[in-house]
Amino acid sequence: MNPRITLKAGKAKPVLAHHPWIFSGAIARADDAQDGDTVDIFDSAGRWIARGYYNARSQITARVWTCQDEPIDRAFLRARFQRALAARDTVVDQAATNAYRLVNAESDLLPGLVVDRYADTLVMQFLTLGVEKRKTEFVEIAQELLEPHSIYERSDVDVREKEGLAEATGVLCGAEPPERILVHENKLVFAVDVKRGHKTGFYLDQRENRRRVVEFLSPAPQPAEILNVFSYTGGFGVYACAPNPAARVVNLDASLDALNLARENMQLNGVADQGECVQADAFQMLRRYRDQARFFDTIILDPPKFVQAKSQLQSGLRGYKDINLLALKLLKPGGTLVTCSCSGQVSPELFQQVIFEAAVDAKRDVQIVARLLQAPDHPILLSFPESEYLKGLVCRVMY
Ligand code: SAH
């Protein structure tokens, strides 16, 4: 018998609608539940409604495994893992791409667990105590199902602190990954540093957007000047240059490590002489280009998360407006702005409103020609709107 938690009156509805999070304020009693335990979840009338895991140290005090009466044992976890893997077969062309997300936590009904594949290496993140306690089981399941060369842990994420957990990184099984893993993404080659890179090494969630953006560049072989702001390791820039030898890209990022990899990635794809890397603060550099009256055909804006919490919403929105206003001013007539936000707190509607306000201030007529979202190996769970976080617009500046 699992320990039980009982919800307050009126708080069972989201759980019954398969939302996976139960906040501390929804819980009336937790009886003998210990942090990390599997718990049975009851509504205020004493009816069993779900099974999940518990951590009183977190504001998200319970996360739901299942709304069916089934044991949360190794067979259960393995079946969930397997279901996530099978789903990737339909959304990732594995002949062209061998770097992608295998398990996307709550969206794959494995709350707190992230598993990314980089060729023969797996990178895992255990974001909560509930999955931390099952780390050995998950590592064994991953070994059984995927037989990777190595599994590396990148649980160096802030959210662990909210769970009362320290950050953790290191080899979980197999060999230590090399400094650079070469992966294929849509048949392009990228060097990834899974040990020190951002997230698990690469922004896998932008894969489809990187591919799509090429459709909106001026048709090859016309020359095009592209400014790739917040370039990280140059992903969008490589995609833009590879089909068009006349294209030139400026990769702009604050991180020297990222730009060193961007240079390597340009080389690996035979486009080294088509680009330059500029280490600078984007807010300052965009102003400098404005002062120099330097114009571009395409500008890509893929900033880090400006809104980490609700309290940062207004300042974050000002940040988005600022860079988009500057970018709109730097585009040639007919030019293209690709603008993204990975802040979950900023809805697609709100983001579009910000771009509209930027266009008004920039005094430019702007069309939306495409909407972007996270790649399908980062699925959005319908019952969990929080899982939608990445949004983007491809805009054309008319005049
Ligand atoms: N477009 C990239 C991912 C961008 S991630 C891709 O497709 O891979 C965001 C990047 O913004 C990071 O590389 C980070 O180093 C950079 N960054 C954060 N703040 C910055 C700033 N103020 N100026 C320039 N770059 C910044």
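How far is an oxygen atom of the ligand from an N or O atom in the side chain of Asp 253? The distance is 2.6 Å. Such a polar contact is a pair of N or O atoms within 3.5 Å. The protein covers 89% of the 590 Å² of accessible area that the ligand has on its own. That area comes from the Shrake-Rupley method with a 1.4 Å probe.

The model is predicted: local features need pLDDT of at least 70, side-chain atom pairs count only at pLDDT 80 or more, and totals for chains, interfaces and linings use all residues. Numbering starts from 1 along each chain as its sequence is written, and side-chain values use heavy atoms, with hydrogens and water left out.

Stay with the ligand. Its surroundings comprise 15 residues, where near means that one heavy atom of a residue lies within 4 Å. Arg 210, Asp 253, Asp 281, Ala 282 and Asp 302 are the closest. The side chain of Arg 210 places an N or O atom 2.8 Å from a ligand oxygen. Phe 230 uses its backbone: an N or O atom there lies 3.3 Å from a ligand nitrogen. By class, the shell holds eight nonpolar, three polar and four charged residues. Ala, Val, Leu, Ile, Met, Phe, Trp, Tyr, Cys and Pro count as nonpolar, Asp, Glu, Lys and Arg as charged, and the others, Gly among them, as polar.

Now turn to the sheets. Strands (E, at least two residues) and helices (H or I, at least four) are DSSP runs, numbered from the N terminus. Two strands pair if DSSP finds at least two bridges between them. One open sheet has seven strands in the order 16-15-14-17-18-20-19, with mixed pairing. Strand 16 (275-279) and strand 19 (366-373) are its edges, and each pairs on one side only. Strand 18 (331-341) and strand 20 (391-397) run antiparallel, joined by six bridges. There, Thr 339 has Leu 393 of strand 20 as its bridge partner.

Two helices lie across this sheet's strands. Helix 10 (313-329) crosses strands 17, 18, 19 and 20, at about 160 degrees to strand 18. Helix 11 (348-362) crosses strands 18, 19 and 20, at about 30 degrees to strand 20. Contact means heavy atoms within 4.5 Å. Axes are lines fitted to C-alpha atoms, for helices over the stretch in contact, and angles run from 0 to 180 degrees between N-to-C directions.

Another open sheet has six strands, ordered 2-6-5-4-1-3, also with mixed pairing. Strand 2 (21-23) and strand 3 (27-29) each have a single partner strand, so one side of each lacks a neighbour in the sheet.

Definitions and conventions. A polar contact is a pair of N or O atoms within 3.5 Å; within protein, one must be able to donate a hydrogen and the other to accept it, and residues adjacent in sequence count only if both atoms are side-chain atoms.
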